Amino acid sequence: FRGLKLPFFINLFEKNKKTVSFILYLNKRDFFMEEYGKILVFAMPIFLILILIEKIYGHYKGENTSPNMDSVSSVSSGMVNSVKDVLGLSITLISYDWIVSKIAIFNLEATVFTYLIGFIAIDFYGYWSHRLSHQINFLWNKHAIHHSSEEFNLACALRQPISSFVNLFTFLLIPAALLGVPAKVIAITLPIHLFLQFWYHTKHIKKIGFLENILVSPSHHRVHHAINPEYMDKNHSQIFIFWDKLFGTFQEELESVPPVFGITRPARTWNPIRINFQHLGLLITDAWRAENWKDKFTIWFKPTGWRPENFEEKYPVSKITDVYNFEKYGMQHSKKLMYWSIFQALITLLFISYMYNSIAIIGLPNVFIYGVFIFLTVYSYTELMDTSKISVFWESIRFAFGIGLIFYFGDWFGMNQLFPFANYVILSYLVLSLLVTIYFVNSIFEKETLLVAQS
């Protein structure tokens, strides 16, 4: 190209503007996937260590707030959510970049002051998107997973949605866009803002003195996760508690009202993928059954939990009526199943860590194929945690898919370059996993069914 003049390149760009823009978009997405993956490789061990410390401390204090099966389900939810985020499986209808280009009054540089403004703007955005998720029926589907645990612990903070495929709330960042906060500042601040919401999901920290007036504390957030009538739909703030006080949704934790956690229509499953779509399934079913066309349309925008008239009698769903008197899900399980579930979660974390560290090696579209394998893995072993006999079917699908990948590529996504016997290790694991699943379903679960029938 040395002899070509600048006008040639300008003409070439003008003729192929869409192609060039698409290539730039793909490069930007690949860069995001790699960088966010690296952040998560660093963050995941920190989260797990803190969860383990909370578990040990609870055991020491005689107050176990982290039952093993609940924690495995929560960590599994965090894993599939992180895969979904890294792969960018969501659409933003209106990009923040575009809003800034249209309405910015100033043009701020990326200084410490700008990051502070961006952080406060994101917290304002977070309050309203959070509050709307509690108040509008179809938006509750993406948030129910976070409240689905009947415990309150650090692990439940990892229960984040995979069902939010469309970002509807970018317009809430208009205050930041008006001030001209660069998109780069928002992109860096968003994950930091999310990670800072981890620490206050615990029962072991009571109140934090004068900081209760400024920051969201564990006490404030226990209220938010509670299903007691006194606490429902309160304390939506994410970092700064003053949003709730300003907009009238603040509620202090009362000594006379111990919080009870969960959702009023309990999930009754450890499978995070199924929990993610339970409420949506009910909405679709109710909209289909509704005889009134107005109900078919408005059910999506009604307050959370609204159903057409008489549906609670005609089509009842499991609901907690007495928050102080209900049986938590999955308290009875075999120790063998518990240990196996922990083992499966740890192996899946290793699979995910390799994926995040090796996105450049795996490449597109193979990284999406890898993501499908992770989703199948989590779905399969959490179905087994539910003592569901259909878990054999899902494990067989995963087994066939995993074997097929090895034979098709001749390698486990480039792992043989790092570890010569990787194929054999993964083949052995897949065989072991299938055999153990069959053992649980045909031996352990059958015995438990007979014991229940005899009793």
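# Exercises on a predicted model

The model is predicted, and in it Leu 89, Ile 91, Phe 138, Phe 165, Val 166, Leu 168, Phe 297 and Phe 301 make a nonpolar surface patch of about 740 Å².

**Exercise 1.** Decide whether Ile 91, a residue of this patch, is buried or exposed.

*Solution.* Step 1: place the residue; Ile 91 lies in strand S1, residues 91-92. Step 2: take its relative accessibility, 52%. Step 3: compare with the cut-off, since exposed means over 50%. Ile 91 therefore counts as exposed.

**Exercise 2.** Find which helix supplies the largest share of the largest nonpolar core.

*Solution.* Step 1: the largest nonpolar core has 61 residues, and Phe 351, Met 355, Tyr 356, Tyr 370, Trp 412 and Phe 440 have the most contacts inside it. Step 2: helices that each supply at least two residues include H2 (17-61), H3 (68-86), H14 (335-357) and H18 (422-454). Step 3: the largest share, eleven residues, comes from H14. Step 4: look at Met 355; leaving aside residues up to four places away in sequence, Met 355 touches Val 83, Leu 87, Ile 362, Val 367 and Tyr 370. A second, separate core has 16 residues, among them Tyr 96, Phe 169, Ala 176 and Ile 186.

**Exercise 3.** Describe the salt bridge between Arg 159 and Asp 70.

*Solution.* Step 1: the closest N and O atoms are 3.2 Å apart, and the cut-off for a salt bridge is within 4 Å. Step 2: the partners are 89 residues apart, with Arg 159 in the loop between H6 and strand S2 (166-167) and Asp 70 in helix H3, so the pair links distant parts of the chain. Step 3: Arg 159 counts as buried at 2% relative accessibility, and Asp 70 is buried with a relative accessible area of 2%.

**Exercise 4.** Explain how Arg 398 and Glu 395 are placed along helix H17.

*Solution.* Step 1: Arg 398 and Glu 395 form a salt bridge, with the closest N and O atoms 3.0 Å apart. Step 2: the two are three residues apart in H17, so about one helical turn separates them. Step 3: residues three or four places apart point the same way because an α-helix has 3.6 residues a turn. Step 4: Arg 398 is buried at 0% relative accessibility, and Glu 395 is buried at 1%.

**Exercise 5.** State which side chain of opposite charge is nearest to Arg 131.

*Solution.* Step 1: Arg 131 is found in helix H5, residues 112-135. Step 2: the nearest side chain of opposite charge is Asp 244, 6.6 Å away. Step 3: Arg 131 is buried yet has no salt bridge.

Terms used: Residues numbered from 1 in each chain as written. Predicted model: local features only at pLDDT ≥ 70, side-chain atom pairs only at ≥ 80, totals over all residues. Heavy atoms only, no water. Helix = DSSP H or I, 4+ residues; strand = E, 2+ residues; numbered from the N terminus. Buried < 20%, exposed > 50% of the residue type's maximum accessible area, 1.4 Å probe, protein only. Lys, Arg positive; Asp, Glu negative; His and termini not counted. Patch = residues over 30% accessible without salt bridge, like charges linked within 9 Å, V, L, I, M, F, W, Y side chains within 5 Å. Areas by Shrake-Rupley, 256 points an atom, 1.4 Å probe, with all protein chains shown as cover. Core = buried A, V, L, I, M, F, W, Y, C linked by side-chain atoms within 4.5 Å. Contact = heavy atoms within 4.5 Å.
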